[in-house]
Structures are given as C-alpha cells and as structure tokens.
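Work through the following exercises with the sequence and the model open. Each task is followed by a solution in steps.

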Amino acid sequence: MCQTNRKPKIIIFDLDYTLWPFWVDTNVTPPFKKKGSNVVDFDGQTIRYYKEVPEVLKHLSEEGYELGVASRTSEIQGAKQLLNLFNWEKYFKYKEIYPGSKLTHFSKIQAASGVDYKNMIFFDDEQRNIADVGRLGVTCIFVQSGVTVALVENALKNF
C-alpha cells in the first residue's frame, strides 16, 4: 500500500456488506463456531468474509493506523463473535456495534479517541450512512462489493 504525507488517524469500517457479504442479523444464524478451519453458523452454513479483508486489516494495523468498527446491527453478540472467530478483534481499538444512528457511533469514537472527525476515514456500503457521517467532516468511502486492497489504497492516496 502507498505512503502519503497526510494520513488519517483512525480508519473505521462498517461490517455488513463491507467486511462480509451478509447482514449478520438476518442472513445467517448465530451462534457461530469454528469447524476445522471454517466458521459456521447454527445451521452449519459456512460464513465467509470478503477475500481481501484480512490482508487490508493486517496491513493497516502494521502501518500503525488505529482501526474501528461502526455497525448498526441488532445482532451485537453475533457480530462480536464473528470478529473474534475471524481473529480480527485484535485489529480494532474502537468497536461501536449496536442499532441506531451512525452519528452516535462516531460521537463515541471521537470522544474516546480525541481525534477530530476530519482525521477519520469511514468505509460503508449504505449511502444514508455515508451522507450522515460525511456531514460530520469524516472522509467517507462508498463500498460497493466489499473492502479491497485497491479501494483502501485509493482512499488513503486521496485523503
């Protein structure tokens, strides 16, 4: 990934249809568990994430970025369980996972971090969240088919 002069202090990701290709509260059935090298739901369905997400998270973490998640899901425990089972929990300093406005999620991340909104990047698949959070001054990136290395590289280059 690229180096730039101005870097965001915090990079925040939505979960559903951003890091994984489903809604955790409707498309899969918690609780989740490890089965061999896979993660499966209650019905035995294999749970997959977008292919490049682990590489993106690992690289951003190694580059020293603080990472967070902001999700409006009502399946709070299931979402947290997946972060743990995918071994991604270690990457996220900020975890705001509960129903309601993303403005509340960002207000809590801002308060906990002391970082100005203009020093944050947010990746989400829903235009309404992009519009709401963008009004705060956060740089928002619309995700069409999952987070990829190229999408994140481009966002950082243009930050």
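**Exercise 1. Find which residue in β7 stands opposite Ile-11, and describe the strands around β1.**

Solution. The model used here is predicted.

Step 1. Look from Ile-11 towards β7: the residue opposite is Ile-121. The two strands, β1 and β7 (residues 120-124), run parallel and are joined by four bridges.

Step 2. Now look towards β5. Here Ile-11 stands opposite Leu-67. β1 and β5 also pair in the parallel sense, over four bridges.

Step 3. Follow the side chains of β1. Ile-10 and Ile-12 point one way, while Ile-11 and Phe-13 point the other way; all of these are buried.

**Exercise 2. Give the order of the strands in the five-stranded sheet, and name its edge strands.**

Solution.

Step 1. Reading across the open sheet gives β6-β5-β1-β7-β8, with parallel pairing.

Step 2. An edge strand pairs on one side only, and this applies to β6 and β8 (139-142).

Step 3. From one strand to the next, the twist averages 20 degrees.

Step 4. Check the pair at the β6 edge. β5 and β6 run parallel and are joined by five bridges. Within this pair, Gly-68 stands opposite Tyr-94 in β6.

**Exercise 3. Describe how helices α1 and α2 lie on the sheet.**

Solution.

Step 1. Place α1 first: this helix lies across β1, β5 and β6, and runs at about 160 degrees to β1.

Step 2. Place α2 (residues 76-85) next. Helix α2 packs on the sheet and touches β5 and β6, and its direction makes about 160 degrees with that of β6.

Step 3. List the buried residues of α1 (residues 53-62): Val-53, Val-56, Leu-57, His-59 and Leu-60. An α-helix has 3.6 residues a turn, so residues three or four places apart point the same way. Compare this rule with the positions of Val-53, Val-56 and Leu-60, which are among the buried residues.

Step 4. Find the partners. The buried residues of α1 pack against β1 (10-13), β5 (66-71), β6 (92-97) and α5 (149-157).

Step 5. Go past the end of the helix. α1 is followed by Gly-64, which has a positive phi, near 90 degrees.

**Exercise 4. Asp-14 and Thr-18 are found in the loop between β1 and β2. Decide whether each is buried or exposed, and list what each touches.**

Solution.

Step 1. Take Asp-14. Its relative accessible area is 5%, and buried means under 20%, so Asp-14 is buried.

Step 2. Look for a polar partner. The side chain of Asp-14 makes a polar contact with the side chain of Lys-102, at 3.0 Å.

Step 3. Leave out residues up to four places away in sequence. Asp-14 then touches Leu-19, Ala-70, Ser-71, Lys-102, Phe-122, Phe-123, Asp-124 and Asp-125.

Step 4. Take Thr-18. Its relative accessibility is 0%, so Thr-18 counts as buried.

Step 5. Leave out neighbours within four places in sequence again. Thr-18 is in contact with Tyr-50, Val-53, Phe-123, Asp-124, Asp-125, Val-143, Gly-146 and Val-147.

Step 6. Compare the two lists. Phe-123, Asp-124 and Asp-125 occur in both.

**Exercise 5. Describe the three-stranded sheet.**

Solution.

Step 1. The order in this open sheet is β2-β3-β4, and the pairing is antiparallel.

Step 2. Its edge strands are β2 and β4 (46-47), each of which pairs on one side only.

Step 3. Two bridges link β3 (residues 38-40) and β4 in the antiparallel sense. One residue to locate is Val-39, whose bridge partner in β4 is Ile-47.

**Exercise 6. How many aromatic pairs does the structure hold? Classify Tyr-17 with Trp-23, and Phe-86 with Trp-88.**

Solution.

Step 1. The structure holds nine aromatic pairs.

Step 2. For Tyr-17 and Trp-23, the centres are 4.9 Å apart and the planes make 70 degrees. Planes over 60 degrees apart count as edge-to-face, and this pair is edge-to-face. Tyr-17 is partly exposed at 25% relative accessibility, and Trp-23 is partly exposed at 41%.

Step 3. For Phe-86 and Trp-88, the distance is 4.9 Å centre to centre and the angle is 45 degrees, and the pair is tilted. Phe-86 is buried at 10%, and Trp-88 is buried at 2%.

Step 4. Widen the view: Trp-20, Phe-22, Tyr-49, Phe-86 and Trp-88 form one aromatic cluster.

Technical notes: Residues are numbered from 1 along each chain as its sequence is written. This is a predicted model: local features need pLDDT of at least 70, side-chain atom pairs count only at pLDDT 80 or more; totals for chains, interfaces and linings use all residues. Side-chain values use heavy atoms; hydrogens and water are left out. Rings of Phe, Tyr and Trp (its six-membered ring) pair if their centres lie within 6.5 Å; planes under 30 degrees apart count as stacked, over 60 as edge-to-face and the rest as tilted. Buried means under 20% relative accessible area, exposed over 50%, partly exposed in between (1.4 Å probe, protein chains only). Contact means heavy atoms within 4.5 Å. A polar contact is a pair of N or O atoms within 3.5 Å; within protein, one must be able to donate a hydrogen and the other to accept it, and residues adjacent in sequence count only if both atoms are side-chain atoms. Two strands pair if DSSP finds at least two bridges between them. Axes are lines fitted to C-alpha atoms, for helices over the stretch in contact, and angles run from 0 to 180 degrees between N-to-C directions.
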